[in-house]
Amino acid sequence: MINVAILGYGTVGSGVFKIINENNSHISRRAGDDVKVKYVLDLRDFPGDPVEDVLVHDVDIIMNDDEVDVVVEVMGGVEPAYTFVKKALERGKSACTSNKELVAKHGAELLEIARENNVNFFFEASVGGGIPIIRPLIECLTVDHVEQIQGIMNGTTNYILTKMEDEGADFDTVLKDAQDKGYAERNPEADIEGYDACRKIAILTSLAYEKQVDFEDIYTEGITKITTADFDYMKKIGATIKLLGTSRKVDGVTYSMVAPFVLYSDNPLYNVKDVFNAILVKGDMLGEVMFYGKGAGSLPTASAVVSDVVDAVKRQGYTARVFWSDVKRTLGGVDAFKTPYFVRVKPQAGEDIASLKNRVDNVFGKVEYISLDSKPEEIAFITDVISGSEYDKAAEGFDVVSRIRVSK
Ligand code: HSE
């Protein structure tokens, strides 16, 4: 018998409880042992819910019970999740989590503690919700050097951008809808300002390049400045706008950022809509491979968590080898990140459109203009590939309405 304790009975925790109960015989057969939820920890009570039979309010009941083999942490946030997971590992229990904040901050350390205690620390659901991406990255793509990762890693913002593009929908209404569906973070600022995607690309970059990437070092921009007018321009050129987490290695330097990007239809991420996430990995031997699925929501995320539980049971007695050293990787600066830019500018006081266009030609050099009948009062264009600092220098003196990087 394998006893599981779930820390947190929120969106994901209730999904984990449901999946282990409803698919029990299937899960137990795959794990090779009977899997049962012995405890669920939450501060709240849930009168009338089946969880009542196993609900506890004191974490020490779980930590002190030698019969608990696997602890599932789905509370979110760094504390007390970190303290609880660390303690569980030190007590010889494997731990599985969906908590990207915890993994981004303490992943390398918790992997080491798991190794010292001959147990496992798994975190498949921390990136891409239900999409298998962590295990493929560390167990399947073992041959390739990763040249680039590009991913739509936040379901809430992809949902919002899709509704803005397809329905011209109002930002706040769509956000509320995403919250009601259980996609959004407790504080949705984490979604719309890109902080959630930042933790996720930090985890993937640490795993792909084997050293600790601190999420604080990753340049992060959210979607709050994107407008439906930007999408009108995109329709004109057959492109879209997606919030991407991206990392790439160029001449031995690792760059990582979260920002909205213009994507053309030849990018496989172009068609990823609504709450779906997708992560495109480019290996030096394999070329491109894409992982696609539901990146948020109770059951998709819980499905990935329970797959970790099954893996932890199958690997009892030894620790899976994961290359993620706690040695910090220094990232290349956003100033040196090279990409084309989509830019909208408007005339300064007393300037006419023809003079503005002359200035754009003189300062930005080769650009591709995009004109919209509905926007005669401004000029929009796509620059050549330029670095962040070249863009900043060129944009000085312009009244910029909008600027979005363009995926190459
Ligand atoms: N708020 C996150 C999202 C949940 O929208 O993708 C999954 O991490």
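These legends go with close-up views of aromatic rings in a predicted model.

**View 1. Tyr9 and Phe17 meet edge-to-face.** Searching the whole structure turns up 14 aromatic pairs. One of them joins Tyr9 and Phe17, with ring centres 5.8 Å apart and 80 degrees between the planes. That angle is over 60 degrees, the cut-off for calling a pair edge-to-face. Both partners are tucked away: Tyr9 is buried, and Phe17 is too.

**View 2. Phe364 and Phe398 make a tilted pair.** Here the ring centres are 5.6 Å apart and the planes sit at 50 degrees, so this pair counts as tilted. Where do Phe364 and Phe398 lie? Phe364 is in helix H13 (residues 353–364), while Phe398 is in the loop between helix H14 (388–395) and strand S20 (399–406), so the pair ties together parts that are 34 residues apart in sequence. Buried or exposed, what is Phe364? Phe364 has 11% relative accessibility, so it counts as buried. Phe398 is buried as well, with a relative accessible area of 9%.

**View 3. Six residues form one aromatic cluster.** Phe364 and Phe398 turn up again here, together with Tyr341, Tyr369, Phe381 and Tyr391. One of these cluster members, Tyr369, also has a charged visitor: the charged end of Lys357 sits over the Tyr369 ring, 4.7 Å from its centre.

**View 4. Arg199 sits over a ring too.** This time the ring belongs to Phe215, and the charged end of Arg199 is 3.9 Å from the ring's centre.

Conventions: Residues are numbered from 1 along each chain as its sequence is written. This is a predicted model: local features need pLDDT of at least 70, side-chain atom pairs count only at pLDDT 80 or more; totals for chains, interfaces and linings use all residues. Side-chain values use heavy atoms; hydrogens and water are left out. Rings of Phe, Tyr and Trp (its six-membered ring) pair if their centres lie within 6.5 Å; planes under 30 degrees apart count as stacked, over 60 as edge-to-face and the rest as tilted. Buried means under 20% relative accessible area, exposed over 50%, partly exposed in between (1.4 Å probe, protein chains only). Helices (H or I, at least four residues) and strands (E, at least two) are DSSP runs, numbered from the N terminus. A charge sits over a ring if NZ of Lys or CZ of Arg is within 6 Å of the ring centre and within 35 degrees of the ring normal.
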